[in-house]
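Work through the following exercises with the sequence and the coordinates side by side, and try each task before reading its solution.

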Amino acid sequence: MYEIRARVNFDAAHYLRDYQGPCTRMHGHTWEVEAAVAGEELGPGQLLLDFNELKEMLRDLVEPFDHRCLNEVEPFTELSPTSENLAGYMYRRLVEKLTVVRTGVNISWVSVSESSGTRVVYKEGE
């Protein structure tokens, strides 16, 4: 089994709903989104998936959020833009993108970090 990972960053503000504390006020982060994909068979060029393809998929996912207030962008107009919700959203969207690009490659996990000391990892199927 092979697993590759790629990471992208974006800048955005947010505030948390249904939360007690300072994060109910708008504040910003440089968010980091990382994803790992895995598979057993190598494809063209003897690659599981080109790192650049995975990074491009991640860039496409984060682009609508870059330099925005997450609370003003779907699906976070209703859903609280926590790191947990952002990781789950990115995972599901990446599944959609990956099925178009290559069969036999599955997403292992997606992580979201809003600071250097914190990280959420979302994965399914365990």
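**Exercise 1.** In this predicted model, identify which residues of the largest nonpolar core touch the most other members, and establish which elements give two or more residues to this core.

*Solution.* Begin with the membership: the largest nonpolar core has 32 residues, and those touching the most other members are Phe10, Val33, Val37, Met90 and Leu94. Next, assign the core to secondary structure, where the elements that contribute two or more residues are β1, β2, α1 (51–62), α2 (83–101) and β4 (106–115). Finally, weigh the contributions: α2 supplies the largest share, namely seven residues. As background, nonpolar side chains in soluble globular proteins tend to be buried together.

**Exercise 2.** Determine which residues Phe10 is in contact with, once its neighbours within four places in sequence are left aside.

*Solution.* Recall that Phe10 is among the core residues that touch the most other members. With the sequence neighbours within four places removed, the contacts of Phe10 include His29, Thr30, Trp31 and Val33. The rest of the list consists of Val62, Phe65, Asp66, Leu70 and Leu86. Val33 therefore appears in both steps, being a contact of Phe10 and also one of the core residues that touch the most other members, where a core residue is by definition buried.

**Exercise 3.** Find which salt bridges Arg7 and Arg119 form with Glu32, and explain what parts of the chain each pair ties together.

*Solution.* Take Arg7 to begin with: its salt bridge with Glu32 has the closest N and O atoms 3.7 Å apart. Because Arg7 lies in strand β1 (residues 2–14) and Glu32 in strand β2 (residues 27–39), this pair ties together parts that are 25 residues apart in sequence. Turn then to Arg119, which forms a salt bridge with Glu32 in which the closest N and O atoms are 2.6 Å apart. Since Arg119 belongs to strand β5 (residues 118–122) and Glu32 to strand β2, the pair ties together parts 87 residues apart in sequence. Salt bridges with shared partners join Arg7, Glu32, Glu34 and Arg119 into one network.

**Exercise 4.** Classify Glu32, Arg7 and Arg119 as buried or partly exposed.

*Solution.* The cut-off needed here is that buried means under 20% relative accessible area. Glu32, with a relative accessible area of 18%, is accordingly buried. Arg7 has a relative accessibility of 43% and counts as partly exposed, and Arg119, at 42%, likewise counts as partly exposed.

Methods
Residues are numbered from 1 along each chain as its sequence is written. This is a predicted model: local features need pLDDT of at least 70, side-chain atom pairs count only at pLDDT 80 or more; totals for chains, interfaces and linings use all residues. Side-chain values use heavy atoms; hydrogens and water are left out. A salt bridge is a side-chain nitrogen of Lys or Arg within 4 Å of a carboxyl oxygen of Asp or Glu. Helices (H or I, at least four residues) and strands (E, at least two) are DSSP runs, numbered from the N terminus. Buried means under 20% relative accessible area, exposed over 50%, partly exposed in between (1.4 Å probe, protein chains only). A nonpolar core is a set of buried Ala, Val, Leu, Ile, Met, Phe, Trp, Tyr and Cys residues joined through side-chain atoms within 4.5 Å. Contact means heavy atoms within 4.5 Å.
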